[in-house]
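Student: Please take one part of this model and look at it closely. I would like the surroundings of the ligand, and then whatever those surroundings connect to.

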Amino acid sequence: MKKPDPAKTQIDLNGKVVLLTGGAGILGTRFAWSLAEKGARVVMVDRDIDKARTLAAEINQDVPDSIVPLGADITSPKDWADIKQTVETDLGEVDILINNAATKSPNFFEPFKTFSLEDWNLVMNVNTTGVMLGCQTIGSAMAERGRGSIINTLSIYGIVAPDQRVYEGSEYEGRAINTPAVYSTSKAAVWGLTRYLAAYWGDKGVRVNAITPGGVYSGQNKTFTDRYSARVPLGRMADGDELCGAMLFLASDTSSYITGQNIVVDGGLTVW
Ligand SMILES: NC(=O)c1ccc[n+]([C@@H]2O[C@H](COP(=O)([O-])OP(=O)(O)OC[C@H]3O[C@@H](n4cnc5c(N)ncnc54)[C@H](O)[C@@H]3O)[C@@H](O)[C@H]2O)c1
């Protein structure tokens, strides 16, 4: 009898090159560190290069030479071409692309009726077009080589509508919050892109999947955490580290027969 292939049963990213966008953010930092611990070399792409450098230095102290910070704007095709060239020259070809960056616009919490087109376009440009550009630049090279794994970060609000009652009295960093329509729209669009490219590149050995985080606790006020948690079967918000398992699974060969899928890590919020 043949022993189970350890490449299919154990997450091992030794020697893999990962390109992670939004690497300096709340989840990006957790993703970068957990990937480093599994042996990957991670290019932490973020438009906030100072923050990326600081965080990379901290992770590199724990896992030497694992993180390379890189300043870039994912909405720029030129920046994507530069990212590709820099990474290929310094580290080699990208094995895993994680499209994780997302943004808020200056008037992100404006009601739908008065939400400006300028803000709409800005958010769509980062959350949706930026992901497309990453797939086009890095994914196409993966398809030419015949292997690769792409993970797009979605949101529960690309799958279900936000319950507006949750936002009454809710605050984050001292201001009232909600989830605008543009956020749901931008994430739902990336789910469409994920399935499209999974089919498009299936015969090229490139897997394209998504991960859908539920609300991650990062200092929201008690009104929000209580109201949000009441909607979650597991009764609480997520800890950022709880997203890492699904991401590592989709990144590695333990998910080698999975493409076009979405792992929803939401404590059950979308089941009812
Ligand atoms: N935190 C949550 O509760 C939550 C819930 C559901 C989904 N998500 C999704 O998970 C992902 C990560 O979320 P997060 O909470 O870590 O966000 P975050 O705001 O903490 O981090 C996003 C990072 O992306 C970077 N970024 C923004 N625009 C960029 C651009 N044009 N080019 C390069 N970098 C850019 C920012 O500088 C920031 O470091 C996002 O896609 C988000 O929509 C988060």
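**The ligand shell and its helices**

Tutor: The shell around the ligand is made of 10 nonpolar, 11 polar and 4 charged residues. Keep in mind that this is a predicted model. The shell counts 25 residues, and those that come nearest to the ligand are Gly-22, Gly-25, Ile-26, Ala-102 and Val-216. Two elements give two or more residues to the shell: helix 2, which spans 26-37, and helix 5, which spans 117-145. Helix 2 supplies the largest share, with 3 residues. Those two helices are the thread to follow.

Take helix 2 and its contact with helix 8. Helix 8 covers residues 244-251, and its axis comes within 10 Å of the axis of helix 2. The two axes cross at roughly 55 degrees, and that angle makes helix 2 oblique to helix 8. The crossing is right-handed. From helix 2, the residues in this contact are Arg-30, Phe-31 and Ser-34. They meet Cys-244, Met-247 and Leu-248 of helix 8. By class, the contact of helix 2 with helix 8 holds 4 nonpolar residues, 1 polar and 1 charged.

Now turn to helix 5. Its contacts with helix 6 and helix 4 can be read in turn.

Helix 6 runs over residues 181-200, and its axis comes within 8 Å of that of helix 5. The crossing angle is roughly 15 degrees. Angles under 35 degrees count as roughly parallel, and helix 5 and helix 6 are therefore roughly parallel to each other. Their crossing is right-handed. On the helix 5 side, the contact uses Trp-120, Val-123, Met-124, Asn-127, Thr-128, Val-131, Met-132, Cys-135 and Gly-139. On the helix 6 side stand Val-182, Tyr-183, Ser-186, Lys-187, Ala-189, Val-190, Leu-193 and Leu-197. This contact of helix 5 with helix 6 has 12 nonpolar, 4 polar and 1 charged residues.

Helix 4, residues 77-90, also packs with helix 5, at an angle of about 30 degrees and with the axes 9 Å apart. Helix 4 and helix 5 are therefore roughly parallel to each other. The crossing of helix 4 with helix 5 is right-handed. Pro-77, Trp-80, Ala-81 and Lys-84 are the helix 4 residues here. Their counterparts in helix 5 are Leu-133, Gly-134, Thr-137, Ile-138 and Ala-141. The contact of helix 4 with helix 5 divides into 6 nonpolar, 2 polar and 1 charged residues.

One more element completes the picture: the sheet. It is open, has 7 strands in the order 3-2-1-4-5-8-9, and pairs them in parallel. Strand 3 (67-71) and strand 9 (262-265) are at the edges, each with a single partner strand, so one side of each has no neighbour in the sheet. From one strand to the next, the twist averages 15 degrees.

Within the sheet, look at one pairing. Strand 5, residues 148-153, runs parallel to strand 8, residues 206-213, and 6 bridges join them. Ser-149 stands opposite Arg-207 of strand 8. Elsewhere, helix 3 (residues 49-62) packs on the sheet, where it touches strand 2 (41-46) and strand 3. The direction of helix 3 makes about 180 degrees with that of strand 3.

To return to the start: helix 2 and helix 5 are the elements that each give two or more residues to the ligand shell. Helix 2 also meets helix 8, and helix 5 packs with helix 4.

Key:
Residues are numbered from 1 along each chain as its sequence is written. This is a predicted model: local features need pLDDT of at least 70, side-chain atom pairs count only at pLDDT 80 or more; totals for chains, interfaces and linings use all residues. A residue is near a molecule or strand if its C-beta atom, placed from the backbone, lies within 6 Å of it. Ala, Val, Leu, Ile, Met, Phe, Trp, Tyr, Cys and Pro count as nonpolar, Asp, Glu, Lys and Arg as charged, and the others, Gly among them, as polar. Two strands pair if DSSP finds at least two bridges between them. Axes are lines fitted to C-alpha atoms, for helices over the stretch in contact, and angles run from 0 to 180 degrees between N-to-C directions. Two residues are in contact if their C-beta atoms, placed from the backbone, lie within 7 Å. Angles under 35 degrees count as roughly parallel, over 145 as roughly antiparallel, 65 to 115 as roughly perpendicular and the rest as oblique. A crossing is left-handed if the near helix is turned anticlockwise from the far one by less than a right angle, and right-handed if clockwise.
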